[in-house]
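Welcome, and please open the model in your viewer. Keep the selection panel handy, because we will be using residue numbers throughout.

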Amino acid sequence: DVLIRLKGMEFPPSRAEIPSKSLGLLESVKKTIVELPESAVVVEGHTDSSGGKKLNEKLSQARADSIKEFLVQDKAVKEDQVVAKGFGFDQPITSNKTAQGRAQNRRVDILLKDVTSEIKDQSEGDSQTH
């Protein structure tokens with residue numbers, strides 16, 4: 001599995017529209033995904049702890065959805081290959097007590113999972129039980 005943390009991805013506050021300055025970064029990620037066609041892609045949206053829980057869950061899901069839409073819009077990446085999940089502020093990577101910490105927690109992570117190894121592991125497990 002590969003985790004891509006989109007550190008250069010900065011959404012406007014309380015918004016889910018992809019900033020134009022982030023398009024080049026997302027194109028690079030898309031190229032990586034295309035080169036690994038046997039990968040399942042999980043786009044994870046995260047927020048800081050500012051604001052209410054429901055609002056942040058909705059915002060993080062909207063941001064993950066917008067990244068997924070970008071990845072699949074030209075069909076280079078298959079839609080059924082990508083799942084978008086919003087986690088709100090439930091999975092911080094640092095403290096939300098400082099502005100710098102909150103900025104780090106407002107992020108999008110992309111997880112690439114090798115589905116061929118999962119299928120292989122499952123079939124090997126099946127053959128061992130028979």
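This tour visits the nonpolar core, then some salt bridges, then two pockets. Keep in mind along the way that the model is predicted.

**Stop 1: the core**

Which residues touch the most other members of the largest nonpolar core? Select Leu6, Ile33, Val41, Val43, Ile67 and Ile110, which have that role in a core of 20 residues. Now colour the elements that give two or more residues to this core: helix H1 (23-35), strand S2 (39-46), helix H2 (53-72), strand S3 (82-86) and strand S4. H2 gives the most, with five residues. As general background, nonpolar side chains in soluble globular proteins tend to be buried together.

Stay with Leu6 for a moment and show what surrounds this residue. Setting aside neighbours within four places in sequence, Leu6 is in contact with Leu25, Leu26, Val29, Val108 and Ile110. Ile110 thus appears in both selections: as a contact of Leu6 and among the core members that touch the most others.

**Stop 2: salt bridges**

How many salt bridges does a search of the whole structure find? The total is 10. In general, side chains of opposite charge can pair when their charged atoms come close.

Begin with Lys30 and Asp74, whose side chains meet in a salt bridge at 3.1 Å, N to O. Lys30 lies in helix H1 and Asp74 in the loop between H2 and S3, so this pair ties together parts that are 44 residues apart in sequence. Is each partner buried or partly exposed? Lys30 counts as buried because its relative accessibility is 3%, below the 20% limit for that class. Asp74, at 45%, counts as partly exposed.

Next, select Arg106 and Asp48, where the N to O distance of the salt bridge is 2.6 Å. This pair too links distant parts of the chain, with Arg106 in the loop between H3 and S4, Asp48 in the loop between S2 and H2, and their positions 58 residues apart. Here the Asp is the buried partner, as Asp48 has a relative accessible area of 6%, while Arg106 is partly exposed at 39%.

Now move to Arg15 and Glu17, which form a salt bridge at 2.9 Å, N to O. Both ends are partly exposed: Arg15 has a relative accessible area of 44% and Glu17 one of 43%.

To finish this stop, show Arg5, Arg107 and Asp109 together; these residues are linked in a network of salt bridges.

**Stop 3: the pockets**

Go back to Arg106, which is also one of the residues nearest the centre of the largest pocket. Add Lys7, Met9, Ala103 and Gln104 to the selection, and you have the rest of that nearest group, out of 14 lining residues. The pocket holds about 300 Å³ of space. Helix H3 (99-105) and strand S4 (107-114) each supply at least two residues of its lining. By class, the lining has six nonpolar, two polar and six charged residues.

What about the second largest pocket? About 240 Å³ of space lies there. Select Pro13, Ser14, Asn56, Leu59 and Arg63, the closest to its centre among the 14 residues that line this pocket. Colour the lining by class and you should find five nonpolar, five polar and four charged residues.

Conventions: Residues numbered from 1 in each chain as written. Predicted model: local features only at pLDDT ≥ 70, side-chain atom pairs only at ≥ 80, totals over all residues. Heavy atoms only, no water. 1 Å grid on protein atoms, 1.4 Å probe; cavity = no way out; pocket = protein on both sides within 12 Å on 5 of 7 lines; lining within 4 Å. Points joined across faces, edges and corners; volume = space filled by probe spheres on them. Helix = DSSP H or I, 4+ residues; strand = E, 2+ residues; numbered from the N terminus. Nonpolar A, V, L, I, M, F, W, Y, C, P; charged D, E, K, R; others polar. Core = buried A, V, L, I, M, F, W, Y, C linked by side-chain atoms within 4.5 Å. Buried < 20%, exposed > 50% of the residue type's maximum accessible area, 1.4 Å probe, protein only. Contact = heavy atoms within 4.5 Å. Salt bridge = Lys/Arg side-chain N within 4 Å of Asp/Glu carboxyl O.
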